[in-house]
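Please look over the sequence and the model shown here, and then follow the paragraphs below from one part of the fold to the next.

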Amino acid sequence: MKYLLFFVLSMAASLVQAAELPAPQGDVILTVSGKITHTNGNGVARFDRAMLQDLQQGSITTATPWFEGAHDFSGPLGAALLDAVGAQGATFRVVALNDYAATVPASDLRDLNVVLATHLDGQVMSVRDKGPLFLIYPFDDNPDLFDEVYFGRSVWQIAQIDVGD
């Protein structure tokens, strides 16, 4: 009887943990999979724009190789997204709408205040303007980041993130 009770409580705890993330009400613009503990689908966490706006937000004003001059990029902090999905991996694979992909260390999101930009200069980023999500590093705050390694990790038109080892 004691083992049955333990089994039932364990199953209930896993269901509660998996149900912590609400279901998207609008169009899904980001799907996170892999080593995550908080889901709202079959092993995935799907986010609409409102859900992303509910995460802790950040803003980076920086010059990039893709736009002329410095611009303000704002959106959810990368670390907030990792926390929201209960990410367990040390790396993740960021995949764009056109299937371009880059492997990014989770430490970049946690230690460098990376933003998953949804807005450029206060305006919602469209697919035409590298949206709906653009992984932005604080290049101006840390000149060591202004290099090909981080440029390659700065995926735009992000549609999926797969949390790996």
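Which residues does T62 touch, not counting residues up to four places away in sequence? They are G69, A70, H71, F73, I136, Y137, P138, F139 and D140, where contact means heavy atoms within 4.5 Å. Before going further, note that this is a predicted model, in which local features need pLDDT of at least 70 and side-chain atom pairs count only at pLDDT 80 or more, while totals for chains, interfaces and linings use all residues. Residues are numbered from 1 along each chain as its sequence is written, and side-chain values use heavy atoms, with hydrogens and water left out.

T62 lies in strand β3, the helices (H or I, at least four residues) and strands (E, at least two) being DSSP runs numbered from the N terminus. Because its relative accessibility is 0%, T62 counts as buried, a term that stands for under 20% relative accessible area, with exposed being over 50% and partly exposed in between (1.4 Å probe, protein chains only). The side chain of T62 reaches the backbone nitrogen of D140 at 2.9 Å. Within β3, which spans residues 57-64, T62 belongs to the covered face together with G58, I60 and T64, whereas Q57, S59, T61 and A63 make up the uncovered one.

A hairpin of two residues leads from β3 into β4, and β3 pairs with β4 (residues 67-76) in the antiparallel sense over eight bridges; two strands are taken to pair if DSSP finds at least two bridges between them. In this pairing G58 is set opposite G75 of β4. Both strands belong to an open sheet of four strands, ordered β3-β4-β8-β9 and paired antiparallel. Its edge strands are β3 and β9 (123-124), each of which pairs on one side only. β4 is joined to β8 (residues 119-120) by two bridges, again in the antiparallel sense, and here F73 of β4 stands opposite L120.

F73 also leads into the aromatic residues, for W66, F67, F73, F134, Y137, F139, F146, Y150, F151 and W156 form one aromatic cluster. Rings of Phe, Tyr and Trp (its six-membered ring) pair if their centres lie within 6.5 Å, with planes under 30 degrees apart counted as stacked, over 60 as edge-to-face and the rest as tilted. By this rule there are 12 aromatic pairs. One of them, between F67 and F73, is tilted, at 5.8 Å centre to centre and 55° between the planes, and both F67 and F73 are buried. Another pair, F146 and F151, is edge-to-face, with 4.9 Å centre to centre and 85° between the planes. F146, at 43% relative accessibility, therefore counts as partly exposed, while F151 is buried, with a relative accessible area of 15%.

The second sheet to follow is an open one of five strands in the order β2-β1-β11-β5-β6, with mixed pairing. β2 (45-48) and β6 (101-105) stand at its edges with a single partner strand each, so one side of each has no neighbour in the sheet. Neighbouring strands of this sheet are turned by 20° against each other on average, direction ignored, with axes fitted as lines to C-alpha atoms, for helices over the stretch in contact, and angles running from 0 to 180 degrees between N-to-C directions. Inside the sheet, β1 (residues 28-34) and β11 (residues 158-163) pair in the parallel sense over four bridges, and G34 is found opposite V163 of β11.

Helix α3 lies across β1, β2 and β11 and runs at about 130° to β2. Seven of the eight residues of α3 (residues 78-85) are buried, so the helix is largely enclosed by the rest of the structure. These buried residues are G78, A79, A80, L81, L82, A84 and V85. After α3 comes G86, whose phi is positive, near 65°.

A nonpolar core is a set of buried Ala, Val, Leu, Ile, Met, Phe, Trp, Tyr and Cys residues joined through side-chain atoms within 4.5 Å. Of the 47 residues in the largest such core, V32 and F47 touch the most other members, and α3 supplies its largest share, five residues. Leaving out residues up to four places away in sequence, the contacts of F47 include V28, L30 and V32, as well as L81, A84 and V85.

Key:
Polar contact = N/O pair within 3.5 Å; in protein donor to acceptor, adjacent residues only side chain to side chain.
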